[in-house]
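Work through the exercises below with the sequence and the model side by side. Try each task before reading its solution.

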Amino acid sequence: MLSLQNRIALILVASMLAVLAIAVAVSFVVVTRSDLNVSVGPAAEFLVGLGNTDALPVSPPSGLTLDVPTQRLQQEIAWRGGHVDGARIIEDPTTKRRVAAYQLPNGRWATIDVPDIPPPPGAAWLVLVTWLTVTVIGVGSVALIMARRVTEPYSIIERAVASVDPSGELPHLKVEGSAEARQVKASLNSLSGRLKSALQARMRLVAAAGHDLRTPMTRMRLRAELLPDADQADWLSDIDELEKIAESAIGLVREESGTADHTSVDMAVLVRETVQELNAADLSVDLGTLEDAWVHAGPLSLRRALRNLITNAATYGGGATVSLQQQGETVFVRIEDNGPGIPEHMLTQVFEPFFRADFSRSNTKGAGLGLTIANEIVERLGGSLTIENRPTGGLLQIVALPSAW
């Protein structure tokens, strides 16, 4: 099979040769075309003006009568008041000489040459313009049509990628169209199936591992409770952290494969209740301005995302302030803290699983999946999560969601 580069080159060359051949043919017709009608009018005027004379022949010249020029001659004679009986254009088969023959009232026949009039001198420019116009239109049209067909597979891939759903799955494509289009669609369908199988296998593996960890952790907890009080607290703390890691891993898998039903959510109520819940857990969280705003989302998943973000800000930022506002068709939840922030070179890594800004802090609890899960939930809702350092210090987390209004 020819490469795409060679195919496009062959198409362009073939299209240009074809159009050039057409342009040359049209130009040849324009250059060689002569207009017999230009000389018919003066000939008719001359013949009608002749008087009777006996010096003319009594019969018309021999030759072939040309029907269309004859009709034109008769029209010109009738317009000038002459009689059209016998008026005709005759061509000598041997010499190709053309004459206008006209029978006078006394029965005699008058004749006059009717030559072809060549194109005027300005016709050369007309030929050039015609040639260039036909060439440009022809080459452009053919190249556009053929290039569009050749690049059709790229358009199919572009549309397929643009229609990827939040779960990362490619849509199933109906295999139809040209041979190239069918091949690309079949390949994309195969890729979609393999990606879906791999994703499901990963989810099952993580969920099974998290589930299986619960049994040994339960045994470890029972044994830790039999230890002396001095050692028991440390063991139970480590076991709690292992359970949180397992639960977070399972939660992340659920969010990646989640298909929860969405409904209209009152964001002001959701933010207020989430802050109250965290205050009850002894976290320092303040409410800022709360504007009326609604979004289309799964309430439980969205609450979980906000809880993770606000908890991080309150835990590592020395307290958090949460505000809600709507600008146009977008709802913004702003979470600000007064902590040390995150080094600029690490901001691009904050949504990676198990990310920690400070690996030296051994007392940091949690699995490091809170931001990953929150980002997954927000993106599934068609929104975005951005994290940046505040100019005055601390971290700013912004959740942007499409408004339901």
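Two strands pair if DSSP finds at least two bridges between them. Helices (H or I, at least four residues) and strands (E, at least two) are DSSP runs, numbered from the N terminus. This is a predicted model, in which local features need pLDDT of at least 70, side-chain atom pairs count only at pLDDT 80 or more, and totals for chains, interfaces and linings use all residues. Residues are numbered from 1 along each chain as its sequence is written, and side-chain values use heavy atoms, with hydrogens and water left out.

**Exercise 1. A hairpin**

Task: Find the residue with a positive phi in the hairpin of β3 and β4.

Solution:
- Start with the strands. β3 covers residues 98-103 and β4 covers residues 109-113.
- They run antiparallel, joined by 5 bridges.
- Check one position: Ala-100 stands opposite Ile-112 in β4.
- Now go to the turn. It has 5 residues between the strands, and Gly-107 has a positive phi near 90 degrees.

**Exercise 2. The whole chain**

Task: Describe the chain by its elements, burial, contacts and surface.

Solution:
- Count elements: the chain holds 10 helices and 11 strands.
- Judge burial. Buried means under 20% relative accessible area, exposed over 50%, partly exposed in between (1.4 Å probe, protein chains only). Of the 405 residues, 33% count as buried.
- Look at contacts (heavy atoms within 4.5 Å). Among those between residues at least 6 apart in sequence, 64% join residues at least 24 apart.
- Take the surface. The accessible area comes to about 23,900 Å², and 58% of it belongs to carbon and sulfur atoms. The method is Shrake-Rupley with a 1.4 Å probe; for residues, only the protein chains shown count as cover.

**Exercise 3. An open sheet**

Task: Which strands stand at the edges of the sheet?

Solution:
- Write down the order: β6-β8-β9-β11-β10, an open sheet of 5 strands with mixed pairing.
- Read off the ends. β6 (285-290) and β10 (384-389) each have a single partner strand, so one side of each lacks a neighbour in the sheet.
- Add the twist, which averages 15 degrees from one strand to the next. Axes are lines fitted to C-alpha atoms, for helices over the stretch in contact, and angles run from 0 to 180 degrees between N-to-C directions.
- Place the helix. α10 (residues 370-380) packs on the sheet and touches β10 and β11; its direction makes about 135 degrees with that of β10.
- Inspect one pair inside. β8 (residues 320-327) and β9 (residues 330-337) run antiparallel with 8 bridges. Thr-321 has Glu-336 in β9 as its bridge partner.

**Exercise 4. One residue in the sheet**

Task: Is Leu-396 buried or exposed?

Solution:
- Locate it: Leu-396 is in strand β11 (residues 395-402).
- Its relative accessibility is 7%, so Leu-396 counts as buried.
- List what it touches, leaving out residues up to four places away in sequence. Among them are Arg-334, Ile-335, Glu-336 and Thr-386.
- Compare sequence with space. Gly-341 is 55 residues from Leu-396 along the chain, and their C-alpha atoms are separated by 8.6 Å.

**Exercise 5. Faces of helices**

Task: Where do the buried residues of α3 and α5 fall around each axis?

Solution:
- Recall the geometry. An α-helix has 3.6 residues a turn, so residues three or four places apart point the same way.
- List the buried residues of α3: Pro-69, Thr-70, Leu-73, Glu-76 and Ile-77.
- They fall within an arc of 125 degrees, so they line one face of α3. The arc is that of the directions from the helix axis to the C-beta atoms.
- Turn to the other side of α3. Asp-67, Val-68, Gln-75 and Trp-79 are exposed there.
- Repeat for α5 (residues 152-162), with Pro-153, Ile-156 and Ala-160 buried. Their arc is 60 degrees, so they too line one face.

**Exercise 6. Positive phi outside glycine**

Task: Place Lys-96 and Asp-282, each with a positive phi near 65 degrees.

Solution:
- Know the background: most residues other than glycine have a negative phi.
- Lys-96 lies in the loop between β2 (88-91) and β3. At 54% relative accessibility, Lys-96 counts as exposed.
- Asp-282 lies in the loop between α8 (267-280) and β6. At 71%, Asp-282 counts as exposed.
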